[in-house]
Amino acid sequence: MSPGVKAYAAVDLGASSGRVMVGRVGPDSVELTEAHRFPNRPVRLPEGLCWDILALYGGVLDGLRAAGARSGGRLASAGIDSWAVDYGLLDADGALLGNPVHYRDARTEGVAEKVWATVPAAELYAATGIQYAPFNTLYQLTADRSTARFAHAARVLLVPDLLTYWLTGEQGTELTNASTTQLVDPRTRTWAHGVAGRLGIDLGLFAPLRQPGDPAGTLRPGVLAETGLRGPVPVTAVGSHDTASAVVAVPATGERFAYICTGTWSLAGLELSAPVLTEESRAANFTNELGLDGTVRYLRNIMGLWLLQECVRAWGEPDLGLLLRQAAAVPTLRSVVDAGDAAFLAPGRMPERIAEACRASGQPVPVSRAEVTRCILDSLALAHRRAVLDAARLADQPVDVVYLVGGGTRNALLCQLTADACGLPVVAGATEAAALGNVLVQARAQGLAGDLPALRRLLTRTQPLTRYTPRGGTGRWRAAEARLGAR
């Protein structure tokens, strides 16, 4: 490697796959290569839908071994990010008490109403700023408290913190991911003790909070032996919620921007210096998650490419490129669905459920695979429009450009439709945005100079960007919104 360039391993775990990327970062260079990719397949056990956490850990070890092979056995650091809200329970000896339950499991059905009976929804939002979702950690913990395994729990570790513990033997709770639990006050950036106390949740079950960039231990000797890495290898707490890391990698050059992090979910919103905790914000279902350097990720969760992923799975994995080309020929906005509707949360029968939603709203029912695909992409673009415009209005922050990062950058049709729907230019940046943000936080912790804007300037100089200019007016998109009813 060139002088001043160091190698970092970014472990980036998504809801359907995991990857370990090697980032080589210097003062004027960022290069990211894939070392190892592995599936993330949930398992339905008698007790419910669970993550196969041991298979994930095995994939992480395989990835670190591959990363070491690409870097001469030496890494300056490693860091882990993943999806949010899910956790593992450990006993007093630090042993895992069963597989972490999947956020799509049905165990939280009806739990929110029980929580709101003690802390009304409006009070909960004013205290934590987190939008309602049935799978929020708060509701999962409430559902879990009646189980035998919870009775034996001495520690709660969110998924990336659990894997970090297995790598290092040290326990911590990284802040950006902790903020998604609905148990953190976004103003003080510490635990919301009042909320937890009223609900009988013992915050002592969580390990101490860590900030992105804090040290999280070093790889244990057994891990070094298994991966072939030469120690010591520090592990750095990154923005361990993958969206927090992805937002770090948004190649913004100013302040008047929105971002959309695309993948299984679409996370669309703004970067703010303070949370928006108004009742209007709660009613619009926006969340205030914590980001790097004191920022707030003010965003709305949208179902995302999950809709298309489930359809493709149901269709037997057809050629996606051909499917998208066929979808591009289908008339725009023939039919749309609410991409944020919880009716689409569970797996299975997605093409039929989309058709049923169109039928129920009196729209033409998509029949062919191309028509269903176009319905999904139009619906996602429409949801992106609504989120960007609503966020700008509720936060009173104008938006001049939308940055789109993540897996959706590979989908040129979705990028163009998003520009058309928003009536704003869309700049598509890094596909592996979470891994890039992960690596940059590690590099800064290991001596790379620069604040968050400086990290982003480095990205704009070194990463390919594609610009999409809006076509036509937004009138037809407003009409499509009206078909879905009031926001």
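Let me start with helices α13 and α15, which are roughly perpendicular to each other in this predicted model, because their axes meet at an angle of about 80 degrees and an angle from 65 to 115 degrees counts as roughly perpendicular. The axes of α13, residues 320–328, and α15, residues 369–395, lie 8 Å apart where the two helices pack. If you look at the contact itself, you will find L323, L324, Q326, A327 and A328 on the α13 side, meeting R369, A370, T373, R374 and L377 of α15. The residues of that contact divide into six nonpolar, two polar and two charged.

Staying with α15 for a moment, I would like to turn to the cysteines. How many disulfides does a search of the whole structure find? The search finds zero, and two of the cysteines show why. The sulfur of C375 has its closest cysteine sulfur in C358, at 4.0 Å, which is too far for a bond, because a disulfide here requires the two sulfur atoms to be within 2.5 Å. For C415, the closest cysteine sulfur belongs to C422 and is 11 Å away, again too far for a bond. Both of these residues are buried, C375 with a relative accessible area of 2% and C415 with 0%.

Now to the strands, beginning at the N-terminal end with β2, residues 17–26. Is this strand mostly covered or mostly open? It is mostly covered, since ten of its ten residues are buried. That holds for both faces, with S17, R19, M21, G23 and V25 on one side, and G18, V20, V22, R24 and G26 on the other. On one hand, β2 runs antiparallel to β1, residues 6–13, and eight bridges join the two; L13 stands opposite G18 in this pairing, and three residues lie between the strands of the hairpin. On the other hand, β2 pairs with β3, residues 29–39, in the antiparallel sense over ten bridges, with V20 standing opposite H36, and here the hairpin connection is made through two residues.

Elsewhere there is an open sheet of seven strands with mixed pairing, and its order reads β17-β18-β16-β15-β19-β20-β21. The edges are β17, at 287–290, and β21, at 466–468, each of which has a single partner strand, so one side of each is left without a neighbour in the sheet. From one strand to the next, the twist averages 30 degrees. At the β21 edge, the pairing with β20, residues 426–428, is antiparallel and comprises three bridges, and within it R467 is the bridge partner of V427.

I will finish with some backbone details in the loops. Most residues other than glycine have a negative phi, and most peptide bonds are trans. Against that background, which residues are joined by a cis peptide bond? They are G231 and P232, with omega at about -5 degrees, and P232 lies in the loop between α9 and β14. Q182, in the loop between α7 and β10, is not a glycine and yet has a positive phi, near 70 degrees; Q182 is also buried, at 2% relative accessible area. L333 likewise has a positive phi, of about 60 degrees, without being a glycine. This leucine, L333, is found in the loop between α13 and α14, and at 7% relative accessibility L333 counts as buried.

Methods: Residues are numbered from 1 along each chain as its sequence is written. This is a predicted model: local features need pLDDT of at least 70, side-chain atom pairs count only at pLDDT 80 or more; totals for chains, interfaces and linings use all residues. Side-chain values use heavy atoms; hydrogens and water are left out. Buried means under 20% relative accessible area, exposed over 50%, partly exposed in between (1.4 Å probe, protein chains only). Helices (H or I, at least four residues) and strands (E, at least two) are DSSP runs, numbered from the N terminus. Two strands pair if DSSP finds at least two bridges between them. Axes are lines fitted to C-alpha atoms, for helices over the stretch in contact, and angles run from 0 to 180 degrees between N-to-C directions. Angles under 35 degrees count as roughly parallel, over 145 as roughly antiparallel, 65 to 115 as roughly perpendicular and the rest as oblique. Contact means heavy atoms within 4.5 Å. Ala, Val, Leu, Ile, Met, Phe, Trp, Tyr, Cys and Pro count as nonpolar, Asp, Glu, Lys and Arg as charged, and the others, Gly among them, as polar.
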